Amino acid sequence: RARGRSCARGCAARIDHVERMLRFIAERAHDPISAEDVAGATTLHPNYAMTLFRRAVGHTITQAITRHRLDTAQSLLISTDRPIAEIVFGAGFGSSSRFYEAFDQRFGESPGEFRQRMRRGG
């Protein structure tokens, strides 16, 4: 039983660390941040924080940052008429080429194609 209680405390602490990292990403993904910066939002060793994050979330911190940035960009493509180049940097990407590559990888089309499709209602 003592072991179970210990696990409960340990599990809750690990969840708290992961939640802190996710919050850090959500609040700062538009800035130039790294996996090390995200891990630094906890009191854990960076390597352990990255391992814990991957086990809990199912992808790496870097992937989570990219996903958050892509979600932001996707939302801006739908809801604004801002030029794509402006959206790239507003979402936190450091280069257009990385943005276009990541967007196509995740959504299977270019940002321009996505915006046109959304405006056509499809």
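A crossing of two helices is called right-handed if the near helix is turned clockwise from the far one by less than a right angle, and left-handed if it is turned anticlockwise. The exercises below apply to a predicted model.

**Exercise 1.** Describe how helix H4 and helix H7 pack, and state which residues make the contact.

*Solution.* Two packed helices are described by the angle between their axes and the distance between the axes. For H4 (residues 61-79) and H7 (residues 111-120), the angle is about 45° and the axes lie 9 Å apart. Angles under 35 degrees count as roughly parallel and those from 65 to 115 as roughly perpendicular, and H4 and H7 are therefore oblique to each other. In the sense defined at the start, their crossing is right-handed. On the side of H4 the contact is made by Gln 74, Leu 76, Leu 77 and Ile 78, while H7 contributes Pro 111, Phe 114, Arg 115, Met 118 and Arg 119. Sorted by character, the residues of this contact comprise 6 nonpolar, 1 polar and 2 charged.

**Exercise 2.** Find the largest nonpolar core and the elements that build it.

*Solution.* The largest nonpolar core holds 16 residues, and those with the most contacts inside it are Met 21, Ile 25, Val 38, Phe 53, Ile 61 and Ile 65. Two or more residues each are given to this core by helix H1 (2-28), helix H2 (35-39), helix H3 (46-57) and H4, and the largest share, 4 residues, comes from H1. Leaving aside residues up to four places away in sequence, Ile 65 touches Ile 25, Ile 33, Ser 34, Ala 35 and Val 38. A second, separate core has 13 residues, among them Leu 70, Ala 73, Phe 93 and Ala 102.

Technical notes. Residues numbered from 1 in each chain as written. Predicted model: local features only at pLDDT ≥ 70, side-chain atom pairs only at ≥ 80, totals over all residues. Heavy atoms only, no water. Axes fitted to C-alpha atoms, helices over the stretch in contact; angles between N-to-C directions. Parallel < 35°, antiparallel > 145°, perpendicular 65-115°, else oblique. Contact = heavy atoms within 4.5 Å. Nonpolar A, V, L, I, M, F, W, Y, C, P; charged D, E, K, R; others polar. Core = buried A, V, L, I, M, F, W, Y, C linked by side-chain atoms within 4.5 Å. Buried < 20%, exposed > 50% of the residue type's maximum accessible area, 1.4 Å probe, protein only.
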